[in-house]
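This briefing is meant for a reader who is meeting the structure for the first time. It takes up a handful of topics in turn, and each can be followed in the sequence and the model shown here.

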Amino acid sequence: MRHRDAERSRTLLGFPQVRAMHRATLEGPPPGPPRARWLPPRPSRTRPSRTRPTGTCARPCPHRPSPAPACAGALRERRSSFGRFDARREVSAGHLSSVLAACAGTRLAGDTDPSGEHRLARLYVFVNHVAGIGPGAYAYDPDRGDLRAVVTGPQGPFLQENYFLANYNLEQAGAVLVPTVRTTAVLDAVGDRGYRLAVATAGAVAQSFYLAASALGLGAGVALGFDNVSYAERLGLTDGDEAPLLIMALGHERPGPADFRHEIA
């Protein structure tokens, strides 16, 4: 099948800088040795604050991850929970652990990491309504299954104030997951292709998130309309090169919402 662009605009505007950027991201790695070692995400440094916990701040998840049920339709049943989150039903700690583990296990195949040994994305989670876990912002350690408290206390007002759209009430979500990528380190390692790699990693994590939530019968929603600078400040990431790329809301939905049954339309 031969592909051909269909264009109906009377006037086409071209931007050389954009085209040059696209060409650069499609090229191979720069010649010679990498400009920096390929590094997985490093632990973030936290700064003292009146809202930050004192003493030990690493804690294991209260429960082991809940096994996802065999669900042949999980892939087909994925959808966004626009306006459906309901805080009256808490998310279980096991379900949250399952979703975190699924997202942390996401890998991208390719020449940049043939063995799949590097974990590009690091996960943080804002807990609103999760059984057995107090409200706060946590860093997730996938190797230990630990949640390390970064900020304690209710996070609903912060989440809602720093979300630009109106299709989600983030305070009603049980938790909001935030994947970050060390974009500077990725660019140093593979050149301009790192832009595509960082974005593809975020997209793959989002798909793992939707699939895990669907398999567990939870609502899910991924959004881009958020103030990532405020999130970096909240999580203590301003001194490093970790960049929050998405926010991913997880929780139970209101029972019996109106829905569009496309298969009978």
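**Salt bridges and their surroundings**

Glu242 is buried, because its relative accessible area is 9% and the cut-off for buried is under 20%. The model is a predicted one, and the points below deal with its salt bridges, its cavities, a nonpolar patch on its surface and one buried loop residue.

**The pair Glu242 and Arg122**

- The side chain of Glu242 meets that of Arg122 in a salt bridge, with a distance of 3.9 Å from N to O.
- This pair links distant parts of the chain, since Glu242 belongs to strand 7 (residues 242–244) and Arg122 to strand 2, 120 residues apart.
- Strand 2, in which Arg122 has its place, covers residues 121–127.
- Arg122 is buried as well, because its relative accessibility of 14% falls under the 20% limit.
- Besides the salt bridge with Glu242, the side chain of Arg122 makes a polar contact with the side chain of Tyr124, at 2.9 Å.

**Other salt bridges**

- The structure holds 5 salt bridges, and among them is one between the side chains of Arg182 and Asp241, where N and O are 2.9 Å apart.
- Arg182 lies in strand 5 (residues 175–182), while Asp241 lies in the loop between helix 6 (228–234) and strand 7, so this salt bridge ties together parts that are 59 residues apart in sequence.
- Both partners are buried, Arg182 as well as Asp241.
- Another salt bridge is formed by Arg79 and Glu253, whose closest N and O atoms are 2.9 Å apart.
- Because Arg79 sits in the loop between strand 1 (58–60) and helix 2 (93–104), and Glu253 in the segment after strand 8 (247–251), the pair ties together parts that are 174 residues apart in sequence.
- Are Arg79 and Glu253 buried or exposed? Arg79 counts as partly exposed, with a relative accessibility of 36%, whereas Glu253 is buried, with a relative accessible area of 17%.

**Cavities**

- There are 2 cavities of 30 Å³ or more in the structure, and the largest cavity contains about 100 Å³ of space.
- The lining of the largest cavity is made up of 11 residues, and those nearest its centre are Arg107, Leu108, His118, Leu120 and Thr201.

**A nonpolar patch on the surface**

- Leu13, Phe15, Val18 and Met21 form a nonpolar patch on the surface, and together these residues have about 430 Å² of accessible area.
- One of the patch residues, Val18, lies in helix 1, which runs over residues 16–26.
- Val18 counts as partly exposed because its relative accessibility is 38%, a value that lies between the limits of 20% for buried and 50% for exposed.

**A buried loop residue**

- Ile133 has its place in the loop between strand 2 and strand 3 (136–141), and Ile133 is buried, with a relative accessible area of 5%.
- Although Ile133 and Val91 are 42 residues apart along the chain, their C-alpha atoms are separated by 9.9 Å.

Notes. Residues numbered from 1 in each chain as written. Predicted model: local features only at pLDDT ≥ 70, side-chain atom pairs only at ≥ 80, totals over all residues. Heavy atoms only, no water. Helix = DSSP H or I, 4+ residues; strand = E, 2+ residues; numbered from the N terminus. Polar contact = N/O pair within 3.5 Å; in protein donor to acceptor, adjacent residues only side chain to side chain. Patch = residues over 30% accessible without salt bridge, like charges linked within 9 Å, V, L, I, M, F, W, Y side chains within 5 Å. Areas by Shrake-Rupley, 256 points an atom, 1.4 Å probe, with all protein chains shown as cover. Salt bridge = Lys/Arg side-chain N within 4 Å of Asp/Glu carboxyl O. Buried < 20%, exposed > 50% of the residue type's maximum accessible area, 1.4 Å probe, protein only. 1 Å grid on protein atoms, 1.4 Å probe; cavity = no way out; pocket = protein on both sides within 12 Å on 5 of 7 lines; lining within 4 Å. Points joined across faces, edges and corners; volume = space filled by probe spheres on them.
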